[in-house]
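Dear colleague,

I am handing over the structure we spoke about, so that you can look at it beside the notes underneath. Please open it first and read the rest with it in view.

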Amino acid sequence: MKRILLLLTLCSLLSAHFSPLTAQNSPPKSHISQPKLFVLIVVDQLPYEQLERFKPYFSDNGFNYLMNNGANFINTNYEYAYTKTACGHAAIATGTNPDMNGIVGNAWYDRTKKKTVNCVGDENEQLVGKEGAGKSPRTLTTYTLGDMLKLSTNFRSKVIGVSNKDRAAILTGGKFGNAYWTDGAGFVSSTYYAKELPAWVTKFNKSGFIQKFFGQKWELLKPEIAATICDEDSNTYESSYAGMGATFPHFVTGDDRTKISDSYFTAVETSPFLTEILFEFAKQTITAESLGTRGVTDMLSVGISATDIIGHNYGPNSPEVFDNLLRTDKYIAEFLSFLDKQFGLYNCLIALSADHGIAPIPEYLVKKSPLTDAGRIGTDSVKKACLNILNNKFSAAESLWVEKVVENNIYVNKEFIKNSRHPDESAILQTLKDSLPLRLPVFASYTLEDLEKNSLPEKLRQQVQHSCYPPRCGDLMFVFKPYWILDGAKDGTNHGMPWKYDTHVPLIFFGSNVTPGTFADDASPIDLAPTVASLLGIEFPASGAGKVRSEIVLQK
Ligand SMILES: [Zn+2]
C-alpha cells in the first residue's frame with residue numbers, strides 16, 4: 001500500500017513537473033488584481049457535445065484545464081434562430097442578439113443597393129496588406145465589450161481581434177479596436193483601422209511561417225480511438241478540395257504538389273495547421289503590441305476558424321473533426337502555457353465560447369438509420385419552390401415574385417408584386433407560408449407581422465424574433481425541420497438553424513476574479529460580455545441584453 005502511495009505521489013509530482021502551467025497555476029490568495037490581459041477565444045463551430053465526447057482524449061492543459069479550473073456553463077444556447085458565424089461573434093462581442101446588433105447573417109440582401117451584402121463589407125474602405133475590397137465593423141448597430149474596455153481607460157487599453165476569418169476578427173475587435181485576419185499568403189487588415197500594416201505584421205507575413213506547412217502530412221494522432229468513436233474515414237459525402245482528399249493522410253500542398261500555388265493556402269485553411277499559424281500570430285501580437293504590460297487591461301480576441309472549415313467539409317462525426325480538435329486542444333494548451341510564462345495565468349481573464357454548433361452530415365444519419373428524415377436543400381431550390389407555388393396559385397409563369405433568398409430569408413419583389421395582377425403582398429406571403437411545408441422540409445415560417453403576434457410555438461417565435469433586425473431580414477423567414485440543412489453543396493454539412501445541435505455551445509470563464517465551478521443553469525453566449533464587463537469593473541456594452549453570471553463573479 002505504502003509503495004502504491006509513494007508511486008502515486010511520484011507520478012503526480014512528475015506530472016506536475018511536466019505540466020506547462022507550473023509558474024502560477026493557482027490563484028493568488030491575498031488580493032485579486034485587475035487582470036493584465038483579457039483573452040477571448042471563440043472557436044468557430046464547436047458544439048458543446050464535442051467537448052464532452054472528446055474530453056477523455058484531450059490533454060490536461062487545454063480544454064480540460066479551462067473546464068476543470070474555470071467556470072463552465074454546460075447548458076449554454078444561442079437564443080436566436082439563425083446560427084451563422086457572424087451572428088455568433090457579434091452576439092458574444094456585444095452581449096446582444098441580432099435583433100439588437102443588426103448582424104442577421106453572414107450576408108443579407110440590401111434592397112436599396114439591390115444586392116447581397118457581406119456582414120463586414122465596406123465600400124468606403126480598402127484592404128491593407130493586399131489588394132481587395134475593404135472591411136469594417138460599421139454594420140454593427142451597437143458597441144462591443146472591447147469598445148467599453150477602451151472607453152473605461154481613456155482609450156489606453158488596446159483591443160485587437162485576430163482570426164482566420166475577417167468577420168470573426170472584426171466583430172470581436174469592435175468599433176474602437178483593431179483587427180487582423182488571414183487572407184491567402186498573409187495577415188491583412190483594413191483602412192478602417194490604419195493606412196498600412198504595422199511593421200511587425202509585415203515581418204510575420206515575410207517570415208515564411210504560413211508557407212512552412214507545404215508538403216506537410218496531416219495524420220491521425222489516435223487512429224485506434226478514431227476508428228472506434230468516429231465514422232469511417234472514406235465517404236462520398238465528405239467534401240474534398242485543394243488536393244486535400246477525403247481520407248488520411250491528407251497532404252497540405254494544394255492542387256499543385258510541386259510548388260506553392262494559391263491553392264496551397266486553401267489547403268492550409270482546411271488543415272489543423274491554420275490554428276498553429278493563428279496562435280503563433282496571437283503570441284506575436286501580444287509581444288509586439290506589449291499587451292498586458294502597460295498598466296491597463298488589454299484585450300486580445302482569438303478566432304479559431306479551422307474547426308469550422310474542417311467541420312463543414314468532413315462533418316462532426318468524422319475522424320478529421322476529432323483529430324483537429326485534439327490538435328486545437330494542444331495549441332490552446334501551448335498558448336495557455338505562453339500566457340502563464342508572460343503574465344502568470346491568474347493575472348489573465350480568459351473566456352471561451354463558440355459562434356455555433358453544427359448539424360451531422362444528413363447522409364451519415366441516413367447511412368446509420370435509413371429511415372431518418374434528413375437531407376439538404378440549397379437556397380436556389382427554396383427560391384424555385386417559391387416561384388412554383390406562386391405560379392401555380394395564380395396560373396402565371398413569372399420568375400420575378402422573389403427577389404432573393406439569402407440564408408434563411410426570403411425577400412419578395414415588392415415592386416413587381418405591387419404592379420402585378422395580385423398586388424396584395426400579405427396574401428402572397430400567406431400563400432408561401434401555407435405551401436412551403438408541402439414542398440420543402442420547412443418546419444415553420446414567419447412574416448414580420450407573425451413575429452408581433454403571439455403565434456405558436458412560442459419559443460421558436462422568440463428565437464426567430466431575436467434573429468430579426470427588420471431593415472435587413474427577409475419578408476418571410478423559415479426554419480427547416482431538424483437534420484435538414486440549408487446547403488446547396490452535394491457534400492459536407494452546415495449550421496444556421498435554431499435546433500440544439502446548432503445553438504448549444506461552450507461558455508467557459510477562467511482566471512482573475514472568476515469563481516470556478518460547473519453550472520447547469522440555462523445560459524447564453526450573450527451573457528459573456530456583461531459577465532466579463534462585471535469581472536473587469538467596466539460599463540456593459542450599450543445595448544446589452546445578456547445576464548451577468550453573478551455566481552462566478554468573486555467579490556473584490
Ligand atoms: Zn460555418
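What follows is a description of the confidence of the model, then of two helix contacts, and then of a sheet.

Please bear in mind that this is a predicted model. The mean pLDDT of the chain is 93, with 94% of its residues reaching 70 or more. Over residues 1–20, however, the pLDDT is below 50, and this stretch has 5 contacts in the model beyond near neighbours in sequence.

Helix H13, which covers residues 319–343, takes part in both of the helix contacts described here. Its packing with helix H12 (residues 306–314) is at an angle of about 170°, and the two axes are 9 Å apart. Because angles over 145 degrees count as roughly antiparallel, H12 is described as roughly antiparallel to H13. On the H12 side, the residues that meet H13 are Ala-306, Thr-307, Ile-310, Gly-311 and Tyr-314, while H13 contributes Glu-320, Val-321, Asn-324, Leu-325 and Thr-328. Sorted by class, the contact of H12 with H13 has 5 nonpolar, 4 polar and 1 charged residues.

The packing of H13 with helix H11 (residues 273–288) is at an angle of about 10°, with the axes 10 Å apart. Since angles under 35 degrees count as roughly parallel, H11 is roughly parallel to H13, and H11 passes H13 in a right-handed crossing. From H11 the contact uses Thr-275, Glu-276, Phe-279, Ala-282, Lys-283 and Ile-286, and from H13 it uses Arg-327, Thr-328, Tyr-331, Glu-334, Phe-335, Phe-338 and Gln-342. The residues of this contact of H11 with H13 comprise 6 nonpolar, 3 polar and 4 charged. You will find Thr-328 of H13 listed in the contact with H12 as well as in the contact with H11.

Turning to the sheet, 4 strands form an open sheet with antiparallel pairing, and their order is E16-E17-E19-E18. Strand E16 (402–406) and strand E18 (442–447) are the edge strands, each of which pairs on one side only. On average, and with direction ignored, neighbouring strands of this sheet are turned by 20° against each other. E16 runs antiparallel to strand E17 (residues 409–412), to which 4 bridges join E16, and Lys-404 has Tyr-411 in E17 as its bridge partner. Helix H15 (residues 379–393) packs on the sheet, where H15 touches E16 and E17, and the direction of H15 makes about 150° with that of E16.

With best wishes

Key:
Residues numbered from 1 in each chain as written. Predicted model: local features only at pLDDT ≥ 70, side-chain atom pairs only at ≥ 80, totals over all residues. pLDDT = per-residue confidence, 0-100. Contact = placed C-beta atoms within 7 Å. Axes fitted to C-alpha atoms, helices over the stretch in contact; angles between N-to-C directions. Helix = DSSP H or I, 4+ residues; strand = E, 2+ residues; numbered from the N terminus. Parallel < 35°, antiparallel > 145°, perpendicular 65-115°, else oblique. Nonpolar A, V, L, I, M, F, W, Y, C, P; charged D, E, K, R; others polar. Left-handed = near helix turned anticlockwise from the far one by under 90°. Pairing = 2+ DSSP bridges.
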